[in-house]
Amino acid sequence: MNKKELPKCSVEITLSLISNKWKILIIRDLLDGTKRFGELRKSINGISNKVLTYNLREMEEDNLLVRKIYPEVPPKVEYSLIETGYSLKPILESMDKWGVNYREKTKYE
């Protein structure tokens, strides 16, 4: 997201950065540390290579994570959250807590 395009509403800014379930799940996985592309793909059910690549690139452009490319064959690429990405941890923790409470109250399992 270009800084010139940031909405005036702070809630809308946050939503625009973590606007879909894939980004939330990528952040969830990277909160535990650096991951390779294949590790992320395996841990996120239902995501295609194309969608994962697209979301990782957007998140890199938004300064939520960094991509480190190692000059070897086959190419090795690792993704890590940076400080801005880690700052979303309390939001994900709140979402987790809310989800647990919702499941308990509605008896979903």
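In what order do the elements of the chain run from the N terminus on? In this predicted model, the order is α-α-β-α-α-β-β-α-α. The chain thus holds 6 helices and 3 strands. Along its principal axes, the C-alpha trace spans about 50 × 40 × 25 Å. The chain has 109 residues, of which 28% are buried. Among contacts with a separation of 6 or more, 46% are between residues 24 or more positions apart.

The surface and the charges were considered next. About 8000 Å² of the chain is exposed, and carbon and sulfur atoms supply 53% of this area. The chain carries 20 positive and 16 negative charges, and the mean positions of the two groups are 2 Å apart.

Aromatic rings were then examined. A pair of aromatic rings is described by the distance of the centres and the angle of the planes. A search of the whole structure yields 1 aromatic pair. The ring centres of tryptophan 98 and tyrosine 102 are 5.2 Å apart and the planes meet at 10 degrees, so this pair is stacked, the limit for stacking being under 30 degrees. Both residues belong to helix 6 (residues 89-106); because they are 4 residues apart there, about one helical turn separates them. Tryptophan 98 counts as exposed, because its relative accessibility of 58% is over 50%. Tyrosine 102, with a relative accessible area of 40%, is partly exposed.

Lysine side chains also lie over aromatic rings. Lysine 21 is placed over the face of tryptophan 22, at 4.6 Å from the ring centre. Lysine 76 takes up a position over the face of tyrosine 70, where the distance to the ring centre is 4.7 Å.

Strand 2 (residues 65-70) includes lysine 68. This lysine has a relative accessible area of 47% and is therefore partly exposed, since the value falls between 20% and 50%. Beyond its neighbours within four places in sequence, lysine 68 is in contact with Lys76, Val77 and Glu78. Lysine 68 and threonine 34 are 34 residues apart in sequence, and their C-alpha atoms are 9.9 Å apart in space.

Two features of the backbone were noted in loops. Most residues other than glycine have a negative phi, and most peptide bonds are trans. Between valine 73 and proline 74, however, the peptide bond is cis, with omega at about -5 degrees. Proline 74 is located in the loop between strand 2 and strand 3 (76-81). Asparagine 63, although not a glycine, has a positive phi of about 60 degrees. The loop between helix 4 (49-61) and strand 2 contains asparagine 63. The relative accessible area of asparagine 63 is 44%, so this residue is partly exposed.

Finally, a residue of helix 4 was considered, namely leucine 56. Is leucine 56 buried or exposed? Leucine 56 counts as buried because its relative accessibility is 1%, whereas the limit for a buried residue is under 20%. With neighbours within four places in sequence left aside, leucine 56 is in contact with Ile26, Phe37, Leu40, Leu65 and Tyr79. The C-alpha atom of leucine 56 is separated by 24 Å from that of cysteine 9, and the two residues are 47 residues apart along the chain.

Terms used. Residues are numbered from 1 along each chain as its sequence is written. This is a predicted model: local features need pLDDT of at least 70, side-chain atom pairs count only at pLDDT 80 or more; totals for chains, interfaces and linings use all residues. Side-chain values use heavy atoms; hydrogens and water are left out. Buried means under 20% relative accessible area, exposed over 50%, partly exposed in between (1.4 Å probe, protein chains only). Contact means heavy atoms within 4.5 Å. Accessible areas come from the Shrake-Rupley method with a 1.4 Å probe; for residues, only the protein chains shown count as cover. Lys and Arg count as positive and Asp and Glu as negative; His and the chain ends are not counted. The place of a charge is taken as NZ of Lys, CZ of Arg, CG of Asp or CD of Glu. Rings of Phe, Tyr and Trp (its six-membered ring) pair if their centres lie within 6.5 Å; planes under 30 degrees apart count as stacked, over 60 as edge-to-face and the rest as tilted. A charge sits over a ring if NZ of Lys or CZ of Arg is within 6 Å of the ring centre and within 35 degrees of the ring normal.
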